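Here is a quick walk through this protein, written for someone who would rather be at the bench. Have a look at the model first, then read on.

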Amino acid sequence: MAAPRVAVVGAGLIGLSTALRIAEVIPSCCSITLLSEQFSPNTTSDVAAGMLIPHTYPGTPIHVQKQWFKETFTYLFAISNSAEASEAGIHLVSGWQVFKNPLEAEVPFWSDVVLGFRLMSAAELQKFPQHGHGLAFTTLKCECPPYLLWMEKRLKANGVQIHTRKVADLWELHSEYDIVVNCAGIGARQLVGDQQLFPIRGQVLKVHAPWVKNFIRDGDGLTYIYPGTHSVTLGGTREKESWCLSPDPGTTKDIFDRCCSLEPSLQRAQDIRVKVGLRPSRSCVRLQREVLSQGGARLLVVHNYGHGAGGFSVHRGTAKEAAHLVEECIAALEGFSSKAKL
């Protein structure tokens with residue numbers, strides 16, 4: 001049997017990390033091509049703050065979500081401790097998640113994965129007079145687009161072909177590829193007709209405020225301050241079913257005011273830039289195999305999309321699972337080839 005031809009559709013965070021994981025675990029027995037209409041800095045992932053604080057997926061078991069997060073944190077932590085940390089844009093950041101009301105559960109499922117997790121002291125809470133409760137911990141932040149460009153570079157080093165191409169229908173790839181990995185993000189709604197997938201519009205501000213060193217996240221996750229290497233991300237919004245990519249000036253003012261109430265020194269922030277992205281959301285990440293067939297021909301598909309607001313926290317974990325599904329597809333192709341010879 002000839003080496004299987006694998007196409008990964010989508011060059012955002014999920015597409016790049018999935019292609020990279022496939023290249024790492026099965027480099028010698030298949031050819032890998034990455035296809036996308038858009039690349040960094042023009043992807044939804046480029047808008048994201050890149051903080052590793054898990055989002056909860058109602059349709060996915062907690063132990064699975066924790067495993068994805070743990071694998072992602074472990075992978076990025078190793079990079080942050082390497083000589084490539086600066087190029088990859090990965091660094092540790094400490095801070096607080098604060099709440100106005102008592103916590104329903106004092107210990108979230110990810111508390112033993114992040115570093116130094118603890119309840120905030122009364123002295124620390126004096127910084128946030130409107131909040132009476134809080135969590136303190138250290139986590140990781142991925143800078144975008146450096147992290148995406150770092151992954152692109154590693155893909156090329158692993159022999160992955162990268163092409164700019166708009167894919168309108170997965171079936172159009174069946175004559176060129178044996179396995180297609182669908183990492184199309186919000187594009188999967190039209191690409192595969194997934195009506196369970198919907199956009200959650202996010203508007204954020206990127207500001208110059210180098211004195212802000214700690215992250216601050218309000219309990220509901222809607223208001224946040226995430227310091228990065230070159231800018232601080234202020235957020236945000238969660239507008240379900242909104243497809244609008246144009247910045248809204250009223251929303252910009254609201255975000256800025258909310259963040260200044262948490263960190264008054266931001267009043268002096270400069271160079272305010274507005275970014276908008278559409279988070280590809282569903283009740284659970286779609287991570288599964290599928291066989292498409294027409295007229296006796298067939299195409300093996302692996303889906304990995306629908307990460308919503310939590311992609312950075314779990315991307316390596318879901319990439320590992322998707323790569324395993326690709327291995328299963330290769331085994332199925334080999335079995336099919338053997339039967340055909342008989």
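Between which two elements does the loop holding S45 lie? S45 sits in the loop that links β2 (31-36) to α2 (62-80). Keep in mind that this is a predicted model.

**The annotated positions**

Why look at S45 at all? An unreviewed UniProt entry puts the feature "binding site" at T44, S45 and V167. S45 is buried because its relative accessibility is 13%, under the 20% cut-off. Once you set aside neighbours within four places in sequence, S45 is in contact with G12, L13, C144, L148 and F312.

V167 is in another stretch of chain, the loop between β6 (161-164) and β7 (179-182). V167 also counts as buried, at 11% relative accessibility. Beyond four places in sequence, its contacts are V9, L35, E172, L173 and L191.

**Cysteines without a bond**

How many disulfides does the structure hold? Zero. Take C144, one of the residues that S45 contacts: its sulfur is 6.7 Å from the closest cysteine sulfur, which belongs to C142, so the two are too far apart for a bond. For C183, the nearest cysteine sulfur is that of C329, 13 Å away, and C183 is in no disulfide either. Both cysteines are tucked away from the surface: C144 is buried at 17% relative accessible area, and C183 is buried at 6%.

**A glycine that touches C183**

G10 is in the loop between β1 (5-9) and α1 (13-25), and it is buried at 10% relative accessibility. Leaving out neighbours within four places, G10 is in contact with C183, along with G15, L16, L34, L35 and S36. The C-alpha atoms of G10 and F39 are 8.4 Å apart, although 29 residues separate the two along the chain.

Here are the buried residues discussed one by one, with E124 still to come:

| Residue | Relative accessible area |
|---|---|
| S45 | 13% |
| V167 | 11% |
| C144 | 17% |
| C183 | 6% |
| G10 | 10% |
| E124 | 19% |

**A buried glutamate**

E124 belongs to helix α4 (residues 122-125). Is this glutamate buried or exposed? E124 is buried, because 19% relative accessible area falls under the 20% cut-off. What does its side chain reach? It comes to 2.9 Å from the backbone nitrogen of S121, and a polar contact of 3.1 Å also joins it to the side chain of W96. Not counting residues up to four places away, E124 touches W96, R118 and A136.

**Helix α2 and the cores**

Back to α2, the helix that follows the loop of S45. α2 has 19 residues and spans 26 Å from first C-alpha to last, close to the expected 27 Å. Its buried residues include W68, F69, F73, Y75, L76 and I79.

L76 turns up again in the largest nonpolar core, which has 66 residues: L34, L76, Y147 and V326 touch the most other members. Which helix gives the most to this core? That is α8 (residues 311-341), with nine residues. Y147 is in contact with Y75 and L76 of α2, and its other partners beyond four places in sequence are L13, A88, I90, C142, F312 and H315. Apart from this core lies another one of 21 residues, among them L125, C260, L262 and L266.

How values were computed:
Residues are numbered from 1 along each chain as its sequence is written. This is a predicted model: local features need pLDDT of at least 70, side-chain atom pairs count only at pLDDT 80 or more; totals for chains, interfaces and linings use all residues. Side-chain values use heavy atoms; hydrogens and water are left out. A disulfide is a pair of cysteine sulfur atoms within 2.5 Å. Buried means under 20% relative accessible area, exposed over 50%, partly exposed in between (1.4 Å probe, protein chains only). UniProt positions are given in the numbering used here, feature names are shortened, and annotations may be inferred rather than shown by experiment. Helices (H or I, at least four residues) and strands (E, at least two) are DSSP runs, numbered from the N terminus. Contact means heavy atoms within 4.5 Å. A polar contact is a pair of N or O atoms within 3.5 Å; within protein, one must be able to donate a hydrogen and the other to accept it, and residues adjacent in sequence count only if both atoms are side-chain atoms. The expected span of a helix is 1.5 Å times one less than its number of residues. A nonpolar core is a set of buried Ala, Val, Leu, Ile, Met, Phe, Trp, Tyr and Cys residues joined through side-chain atoms within 4.5 Å.
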